[in-house]
Amino acid sequence: MNHQPFETWLLDDKILTPAEKRELNSHLRECKTCTALAETGLVLRSARVVAPAPGFALRFQHRLEAQKLAERRQKLWGVIVLIVSAISLIGFFIAPYVIAVASAPVEWLTAALGFLLFLFSSVQAFGEVLSVFVRMLPNFLPPYAWMVILSGLAGAGLLWIVSIWRFAHRPQGVLA
Amino acid sequence: MNEEQAWVAQAQQGDDEAFAKLVETYQTPVFNLCYRMLGEPELAEDAAQETFLRAYQHLHRYDQKRPFATWLLSIAAHYCIDRLRRRKFSMFSMDAEDDEGNSFEIPDMDAPSPEHEAITGQTNARVHAMLQELDTTDRAAVIMRYWYDYSEKEIAESLNLTVSAVKSRLHRARKELAGVWVEQEDDLLAEMERRHNESPAF
């Protein structure tokens, strides 16, 4: 038999029959390549498993705590930066109005009261229009259409509640 | 559900004590894989710690149908492969800080310990040197095959390869290892001969 089948047996870690073992042993006596393959196979299989230094789990706990602390700090700084930016932005936009109010308070108070009055009358008018519309709508839509609409709304509501529940019950850990 | 699956389920619910039990159970296989991959105990310690940290962070993604050990060793192997690839481009300096700049304690590997005794064995050193000659992915495949008795299918799943790719990588790696083994033997013989000739008795 030529070299190739023996090499394949060794590379595949084939379980050999007694006859095949005899053939392989006789081939190993004359083939340096296969001898090296057989020896390295034995060495690899008998190599020891190396354990870490004692206290590995404790060191991991310390590292995990440090990681969590770093992430909490990172989050806190993020929130602080966000709040400061938002306050600065709002301040930048409302500063001219604040200055104007401070320089002529009576005119601004009159204008604000006029605006509130307008807002109130607009809401009232919109409410009247809506009530007329609601009174007229049942005449245009058949009862089954109402059932479909209500079912759709109920389904969307249920989906929303499930999504919120799943998000809230997600396992918490340090940031990925 | 066995004890290990119960720990995993509890850890997925945020139980840190359950995760600590998983760390205790798998510290040696994970450390051994990292050590065989990276070649140095200090780097292996750091890589093993990082592996457990990543496992902790991504525990919600773990599929209970898969063996936990396979999932964990897959994280370790990928981390080591990435680290070795990065090391090719930049000299890696090992100090007492991780990638994020957090300090951590490095164990004293010079202190006498069973691990220290194990890694000083001559055959172990030869195996270690041989492994470092291999391509990183081939090395991971060999370690999974011969230290953990993984099947070709399990290796393929862990390393995101096809079964045929794993088979061909294992064949190639075994041939390379045999080549290095022969070279080492020749060097040893040459050294013995040189000493023999230099000896004043002859």
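Which residues have the most contacts inside the largest nonpolar core? Keep that question in mind while you select the core, and remember throughout the tour that what you have open is a predicted model.

**First stop: the core.** The largest nonpolar core has 56 residues, and those with the most contacts inside it are B:V30, B:C34, B:A76, B:C80 and B:A141. If you next colour helix α2 of chain B, you will be looking at the element that gives the most to this core, with 11 residues. Then select B:A141 and show what surrounds it: leaving aside residues up to four places away in sequence, B:A141 touches B:I155, B:L159, B:V166, B:R169, B:L170 and B:A173.

**Second stop: chain A as a whole.** Hide chain B for a moment and follow chain A from its N terminus, where the elements run α-α-α-α-α-α, giving 6 helices and 0 strands. Of the 176 residues in chain A, buried residues make up 9%.

**Third stop: α4(A) against α2(B).** Bring chain B back, and select residues 56–103 of chain A, which form helix α4, together with residues 16–38 of chain B, which form helix α2. These two helices pack at an angle of about 115°, with their axes 9 Å apart. Because angles of 65 to 115 degrees count as roughly perpendicular, α4(A) is described as roughly perpendicular to α2(B). The crossing of this pair is right-handed. To see the contact itself, show the side chains of A:F56, A:A57, A:F60 and A:Q61 on α4(A), and those of B:A20, B:V23, B:E24, B:Q27 and B:F31 on α2(B). Sorted by class, the residues of this contact divide into 6 nonpolar, 2 polar and 1 charged.

**Fourth stop: α4(A) against α3(B).** Keep α4(A) selected and add helix α3 of chain B, residues 41–57, whose axis comes within 10 Å of that of α4(A) and crosses it at roughly 55°. That angle makes α4(A) oblique to α3(B), and α4(A) passes α3(B) in a right-handed crossing. On α4(A), the residues to display are A:R59, A:F60, A:R63, A:L64 and A:Q67, while α3(B) brings B:Q49, B:F52, B:L53 and B:Y56 to the contact. By class, this contact has 5 nonpolar, 2 polar and 2 charged residues.

**Last stop: A:F60.** Finish by centring the view on A:F60, a residue of α4(A) that takes part in the contact with α2(B) and also in the contact with α3(B).

Notes. Residues numbered from 1 in each chain as written. Chains lettered and ligands numbered in written order. Predicted model: local features only at pLDDT ≥ 70, side-chain atom pairs only at ≥ 80, totals over all residues. Axes fitted to C-alpha atoms, helices over the stretch in contact; angles between N-to-C directions. Helix = DSSP H or I, 4+ residues; strand = E, 2+ residues; numbered from the N terminus. Parallel < 35°, antiparallel > 145°, perpendicular 65-115°, else oblique. Left-handed = near helix turned anticlockwise from the far one by under 90°. Contact = placed C-beta atoms within 7 Å. Nonpolar A, V, L, I, M, F, W, Y, C, P; charged D, E, K, R; others polar. Buried ≥ 20, exposed ≤ 12 C-beta atoms within 10 Å, placed from the backbone. Core = buried A, V, L, I, M, F, W, Y, C linked by C-beta atoms within 7 Å.
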